[in-house]
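Could you walk me through this model in the viewer, one selection at a time? I would like to know what to click on and what I will find there.

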Amino acid sequence: MSEKRRVGFIGLGAMGSRMAANLLKKNFDLTVYDVRKEAVEILAAKGARPAKNPREVGMRAEVAVLSLPSQIEVSNTVLGENGLLEGLNSGGIIVDTSTIDPSTARRIWLKAKEKKVGAVDAPVSGGTVGAEMGTLTIMVGGEKETVDACMDVLRAIGKNIYYVGGPGSGQIFKLLNNMLVGINLAAVGEALVLASKAGVDLKLLYEVVKTSAGNSWAFENKLPNMLEERFEPGFRVWLQHKDLGLALNMASEHLIATPLLAFTYAMFESAKALGLENMDHSAIVKVFEAMSNTKVSRYKPLKPQ
Ligand code: NAD
């Protein structure tokens, strides 16, 4: 029997492929699955074992990590036919790094518990760069002893690991984080279009605001994408839209008015209607451009006075 810890990974997209590669580097015995064969082949070439369905991942893994688009894929993958839960032995642990709604996370925890399998929700922040560097922030919800039992796997993919409470709590933190990201990003897009019309040197604006009170993660990291029209993902518009929708559901459950969130959700809805769904979320600037019939890059920067 192999002495290496047996880990599974399902969902080898922008985030998952990079997290899985880090697990291989950290010498875990890795089994992988994705509906896209080419994604599996890339990891197999690096030393991972391919599986033909989530059940097979479960049969080989002590800890199974997920990085899937939404709660629909997560539910089907874990609870469906030939699903992960069918394959996992008692004592196994599911670590879901996807961003989904807190109630699905709790449902999965309960279903897993019936089989004496542990489940933690462990959504991540830090984008594809953080996934690649292994520096992600991870917001972990679940039973404390389950979280402790998979800490080695969490440490292999992330740097700032926060235990934030019981099952579903990680997702609550993550939705609040992504609500802030979306609102800040929309603010940057709006300001940039206004700055263009006002004839501002946009690169100088970037330098000045970076050291001023208007700075934010969105401003610092995403304004360059907007300026240079680099919209390859990254974090896709449709994923940002999905997370804002989940945050809106949460607000409605708690009867809380969230006008900024509602506005930003509508802006990302427009972004999807404009066909931008697979671009990086910084492409939200294009919606503000469309609203004012203007384009950021059309304006030549003025020399500073
Ligand atoms: P992605 O679309 O690039 O990757 C998703 C992967 O899941 C794809 O490889 C796809 O083929 C695979 N997949 C889809 N359905 C499947 C199924 N039924 N079974 C197996 N594989 C399936 O998405 P991503 O950007 O990597 O995001 C993954 C998750 O992480 C999402 O929940 C997202 O909200 C979250 N997230 C993304 C980022 C980011 O910057 N991209 C950052 C933090 C969190």
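Start by selecting R36, which is partly exposed at 36% relative accessibility; buried means under 20% relative accessible area, exposed over 50%, and partly exposed in between, using a 1.4 Å probe and protein chains only. Add D34, which counts as buried at 12% relative accessibility. D34 and R36 form a salt bridge, with their closest N and O atoms 3.9 Å apart. The term stands for a side-chain nitrogen of Lys or Arg within 4 Å of a carboxyl oxygen of Asp or Glu.

A word on the ground rules before you click on. This is a predicted model, in which local features need pLDDT of at least 70 and side-chain atom pairs count only at pLDDT 80 or more, while totals for chains, interfaces and linings use all residues. Residues are numbered from 1 along each chain as its sequence is written, and side-chain values use heavy atoms, leaving out hydrogens and water.

**More salt bridges**

How many salt bridges does the rule count? The count comes to 17. For one of them, select E228 and R230, whose closest N and O atoms are 2.9 Å apart. Both are partly exposed: E228 has 45% relative accessibility, and R230 has 34%.

Salt bridges that share partners also join R5, R6, E62 and D152 into one network, so select these four together. Within that group, zoom in on D152 and R5, whose side chains meet in a salt bridge at 2.7 Å, N to O. D152 lies in helix α9 (residues 151–157) and R5 in the segment before β1 (6–10), so this pair ties together parts that are 147 residues apart in sequence. Helices (H or I, at least four residues) and strands (E, at least two) are DSSP runs, numbered from the N terminus. D152 is partly exposed at 33% relative accessible area, and R5 is partly exposed too, at 23%.

**Two domains**

Now colour the chain by domain: the assignment gives domain 1 (6–167) and domain 2 (172–298), with bounds that come from an automatic or database domain assignment. Their C-alpha centres lie 29 Å apart. Where they meet, 15 residues of domain 1 are in contact with 11 residues of domain 2, contact being heavy atoms within 4.5 Å.

The area buried between the two domains is about 1000 Å², and carbon and sulfur atoms give 69% of that. Buried area here is the accessible area (1.4 Å probe) that two parts lose on being put together, summed over both. Select T99, P102 and M139: in domain 1 these lose the most area to domain 2, together 39% of what that side buries.

Across this interface the rule finds 0 salt bridges, but it does find 3 residue pairs in polar contact, both at pLDDT 80 or more. A polar contact is a pair of N or O atoms within 3.5 Å; within protein, one must be able to donate a hydrogen and the other to accept it, and residues adjacent in sequence count only if both atoms are side-chain atoms.

**Last stop: H281**

Finally, select H281, in the loop between α14 (259–273) and α15 (285–292). Is H281 buried or exposed? H281 is buried, with a relative accessible area of 3%. Show its neighbours as sticks: not counting residues up to four places away in sequence, H281 touches V181, L185, K222, F235, R236, V237, Q240 and F268. With Q240, H281 makes a polar contact, side chain to side chain, at 2.9 Å.
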